[in-house]
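Student: Hey, could we go through this one together? I'm new to it and don't know where to start looking.

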Amino acid sequence: MRALALLLVAALALFGSRSAHADTNCVVTTPVTLAFGTITNGSASVTNTTTTFTITCSTAALSLLATASVRACLGIGNGSGGSATQPTRSLRNATTDTMAFQLYTNSTRSTIWGLTPGSNPGAQVIDLNYNVPLLTGGSGTVTVTIYGQVPAGQTLSAGSFSSSFAAADTTVRFAYNEVLLGTASPPPACTTPAGGGATGNKTVASGFPFTVTANVLPQCSTYVTTDMDFGSNAGAITGNIDRTSTIGLTCINRTAYTIGLDNGQHVLGTTTRRMQHATNPSYFIAYELYRDSGRSQRWGNTIGVDTVTGTGTGGTQTLTVYGRAPPTSGSLPAQGSYNDVITVNITY
């Protein structure tokens with residue numbers, strides 16, 4: 001009986017030991033691009049999106065009743081779009097214009113996702129607990145969501161915006177505990193050193209790099225034109241009558257636009273604009289519209305040939321239309337009013 005008792009005590013002492021000598025490693029998948037899609041300049045509402053990835057931790061075989069617990073910190077830095085995490089991060093386009101956005105750890109988007117464990121904002125803390133069977137070892141996997149948001153009411157420029165989060169901007173550090181019997185308790189922190197409350201502590205060198213993107217489409221609005229009035233003339237026109245009118249428009253910054261003028265309602269052939277008598281449709285007075293004050297560059301409607309181009313600034317821009325009614329020839333025009341209607345075509 002005494003020998004049996006000694007054997008039982010020895011067995012209990014062996015299985016009650018919490019020391020373990022297996023190895024634990026974690027791997028992280030690469031998130032899909034966090035894409036906000038198209039953002040409207042001055043949008044009255046926020047734009048939200050998400051992307052996900054997984055962290056999987058594995059431990060080599062320990063014993064029949066062994067378990068492992070991992071506490072991991074997943075950190076996200078500033079990204080390539082800017083040098084700040086708070087109050088917002090930044091996306092940039094090819095001309096370095098910015099768009100504010102933010103990354104969060106929760107679906108209510110109240111906790112900013114930071115880089116450094118224990119700081120404010122801090123890294124996302126993930127716990128994994130799993131069994132480690134004797135023959136196969138064990139593993140645990142957690143799906144992690146990155147919650148993104150673009151704030152409302154931003155004055156934006158046109159273009160494709162992005163920010164890259166490389167390995168240096170996506171850190172994974174974890175500490176782990178392994179026990180031969182019972183439930184392993186998580187380390188106090190992901191930075192807990194081996195022997196200081198954790199079996200081990202490691203860093204995943206590759207991180208979880210990803211890219212954030214958004215797009216702002218070119219946009220023009222608030223079109224204002226003024227009429228061109230050649231005034232009054234007694235009898236035939238004996239000299240050039242020069243007048244101007246304006247076209248006003250507002251386009252968001254970086255919007256490339258083209259403005260064309262059609263030939264009006266009474267064109268003769270393909271290049272001679274004409275005003276028609278208000279009550280006698282058989283009478284006309286020729287006139288022309290130009291892009292320059294010297295009135296040598298006709299303003300037409302063929303893009304790349306005789307139109308006017310510009311780039312939006314976000315504010316109101318005014319372009320001048322230069323008009324000329326040349327001297328009349330032949331029979332005198334009939335008395336009365338003459339007019340024509342020009343259609344302004346804005347392409348962006």
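**Backbone oddities**

Tutor: Sure. Keep in mind that this is a predicted model. A good starting point is proline 121, which sits in the loop between β6 (98-104) and β7 (124-131).

Student: What kind of peptide bond joins asparagine 120 and proline 121?

Tutor: That bond is cis, with omega at about 0°.

Student: Okay, and what's omega for the cis bond between glutamine 86 and proline 87?

Tutor: There, omega is about -5°.

Student: Where is proline 87 then?

Tutor: Look at the loop that runs between β4 (67-76) and β5 (89-92); proline 87 is in there.

Student: New topic: phi. What's the value for arginine 254?

Tutor: Arginine 254 has phi near 75°, which is positive even though the residue isn't a glycine. You'll find arginine 254 in the loop between β14 (241-251) and β15 (256-261).

Student: Why does arginine 254 count as partly exposed?

Tutor: Because its relative accessibility is 39%, and partly exposed covers the range between under 20% for buried and over 50% for exposed.

Student: And arginine 295, what's its phi?

Tutor: About 55°, so again we have a positive value in a residue that is not a glycine. Arginine 295 belongs to the loop between β17 (284-290) and β18 (308-311).

Student: Is arginine 295 buried or exposed?

Tutor: Arginine 295 counts as buried, because its relative accessibility is 11% and the cut-off for buried is under 20%.

Definitions and conventions:
Residues numbered from 1 in each chain as written. Predicted model: local features only at pLDDT ≥ 70, side-chain atom pairs only at ≥ 80, totals over all residues. Heavy atoms only, no water. Helix = DSSP H or I, 4+ residues; strand = E, 2+ residues; numbered from the N terminus. Buried < 20%, exposed > 50% of the residue type's maximum accessible area, 1.4 Å probe, protein only.
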